[in-house]
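Q: Got a minute to go through a structure with me? I'd like to poke at a few residues and then some helix packing.

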Amino acid sequence: MHSRPADHHRYLDVEKARIGIVGTGFIAMGLCLALRSSPDLLLTRVLTRRPVDSVGSMAEYGLTNSLEEFLSSCDLVVECSGDIVHGSEVVNAAQLRGLPVVTMATEFHVTVGSYFADRGILTEAEGDQPGALALLHEEVVQMGFKPLVYGNMKGFLNHDPKDAEMDFWAEKNGISRSQVVSFTDGTKMQFEQALVANGLGAGIYQRAMIGPQNMELEAAGSFLGAKAKEFGGPISDYVLNGKLAPGVFIVGEHPTERPEVLRYLKLGDGPYYTLLRPYHLCHLEVPRTIRRILRGEPILLNNGSRPTVHVVAVAKRDLPAGHVIDTAIGGMDLRGEAVTIAETPDAVALGLLKKAQLKHSISKGQVVAFADVDIPDSLAKTAWLSVREAAAASVPVLAV
């Protein structure tokens, strides 16, 4: 097993810590711009698999196709490529060098992150909902609250979006089509809340979670708080309401503070109190997590070595035997649902299915089983099989 680097605090001894970014998408570009004016963080290389001369918008940021050159030039790696297979290779190589890794890669964590969780410093960043919830968790626990619900606020959901709509919104928002699809059909949110469940020690009340619709936040918080008490522990869930801010919330109890004081502090009548963080600012928040790790503080959030929740693939349409799944996350063939690993031992992780070929025909609404597909060999596949085997045996994932 690889231990954490003994000389981790050396990064504080240099004028600027050297940061390498993996990927050239929306998050990577935004982070490049954010680091350009940083007084203490120096962007040294951006790792891409695209031809370097084809990424003209990022030519000034030290683009390279060489993993060796990339790793040799940085003190900390930020993985935001959006590709689980590629991300696994980069994270593995970084950990073998003792480099800490900060990610904006929820799907990576839920699919294979437990394989890497104890091999080195690996954390999701602030900026997306999981990191925002982990940060809010720290704050509410320090104030004496006992969390019951870790909540995501989603404004729109369509399990079966149309091609033309997705093309329109991708162009309008300047992000990839697959991102738009995964946001729209709920896949990204299912991954986010699975990571929150695993990383913060919660469960899910039911397959795909509850997701109360069109309720005011306080009412939804009370409803979900009661469900968590019925469940017997904290749950990860969401609220669907287009009028709510694009942020996160935690519903909790306070075992010691007087109800009249909490009422005076505008938290309502209880017994369940909803604390809101009404924003998440993507790449603008990532440098805060980078600095957290460089200071030697504990990680913010990862999938842990004993996950209980994962995201399975649900067919959006009938798919014939022999069909190759071009895009798994954010494609028109499949969408994701959070489920407990124990209750779905034969289901394959959605995050592995890019370029996988179906052995059997799949009906609309069917959950894809491991026996239904041929999955290309990769470190990611090996990692997922290790996590799956360890989860089935209820033992920690061992690094090899």
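A: Sure, let's start with a side-chain pair: D377 and K381 make a polar contact through their side chains, at 3.2 Å. A polar contact here is a pair of N or O atoms within 3.5 Å; within protein, one has to be able to donate a hydrogen and the other to accept it, and residues adjacent in sequence count only if both atoms are side-chain atoms. One caveat: this is a predicted model, where local features need pLDDT of at least 70 and side-chain atom pairs count only at pLDDT 80 or more, while totals for chains, interfaces and linings use all residues. Residues are numbered from 1 along each chain as its sequence is written, and side-chain values use heavy atoms, with hydrogens and water left out.

Q: Where does D377 sit? And is D377 buried or exposed?

A: D377 is in the loop between β14 (373-374) and α12 (379-393). Helices (H or I, at least four residues) and strands (E, at least two) are DSSP runs, numbered from the N terminus. D377 counts as exposed because its relative accessibility is 70%; the cut-offs are under 20% relative accessible area for buried, over 50% for exposed and partly exposed in between, using a 1.4 Å probe and protein chains only.

Q: How far is D377 from V85 in space?

A: Their C-alpha atoms are separated by 9.7 Å, though D377 and V85 are 292 residues apart along the chain.

Q: OK, switching: what does the side chain of T24 pair with?

A: R50, in a side-chain polar contact of 3.1 Å. T24 lies in the loop between β1 (17-22) and α1 (26-36), and T24 counts as buried because its relative accessible area is 17%.

Q: What else is T24 in contact with?

A: Leaving aside neighbours within four places in sequence, T24 is in contact (heavy atoms within 4.5 Å) with V46, T48, R50, V55, M58 and L63.

Q: How about I21, which element is that in?

A: I21 is in strand β1. At 0% relative accessibility, I21 is buried. Beyond four places in sequence, the contacts of I21 include A28, L31, C32 and L35, along with F70 and V78. The C-alpha atoms of I21 and C74 are 9.2 Å apart, with the two positions 53 residues apart in sequence.

Q: Which residues of α1 are buried?

A: I27, A28, G30, L31, C32 and L35. They pack against β1, β2 (41-47), β4 (76-79) and α11 (286-294).

Q: Now helices. At what angle do α4 and α8 pack?

A: About 60°, with the axes of α4 (106-116) and α8 9 Å apart. Axes are lines fitted to C-alpha atoms, for helices over the stretch in contact, and angles run from 0 to 180 degrees between N-to-C directions. That angle makes α4 oblique to α8; under 35 degrees counts as roughly parallel, over 145 as roughly antiparallel, 65 to 115 as roughly perpendicular and the rest as oblique.

Q: Which residues make the contact?

A: T106, E107, H109, V110 and T111 from α4, with K188, F191, E192, A194 and L195 from α8. By class there are 4 nonpolar, 3 polar and 3 charged residues. Nonpolar covers Ala, Val, Leu, Ile, Met, Phe, Trp, Tyr, Cys and Pro, charged covers Asp, Glu, Lys and Arg, and the others, Gly among them, count as polar.

Q: What about α3 with α4, what's the angle there?

A: About 35°, with the axes of α3 (84-96) and α4 10 Å apart. On the α3 side I84, G87, S88, V91, N92 and Q95 meet E107, F108, T111, V112 and F116 in α4. That contact divides into 5 nonpolar, 5 polar and 1 charged.

Q: And α6 with α7?

A: α6 (163-173) and α7 (177-184) pack at about 115°, axes 9 Å apart. D163, M166, D167, W169 and A170 of α6 meet R177, V180, V181 and T184 of α7.

Q: Last topic, backbone oddities. Which peptide bond is cis?

A: The one from G270 to P271, with omega near 5°. P271 lies in the loop between α10 (259-264) and β10 (273-277).

Q: What is the phi of A208, and of M209?

A: A208 has a positive phi of about 65° although it is not a glycine, and M209 has a positive phi of about 70°, also without being a glycine. A208 is in the loop between α8 (187-200) and α9 (217-231), and M209 is in the loop between α8 and α9 too. A208 is buried at 15% relative accessible area, and M209 is buried at 3% relative accessibility.
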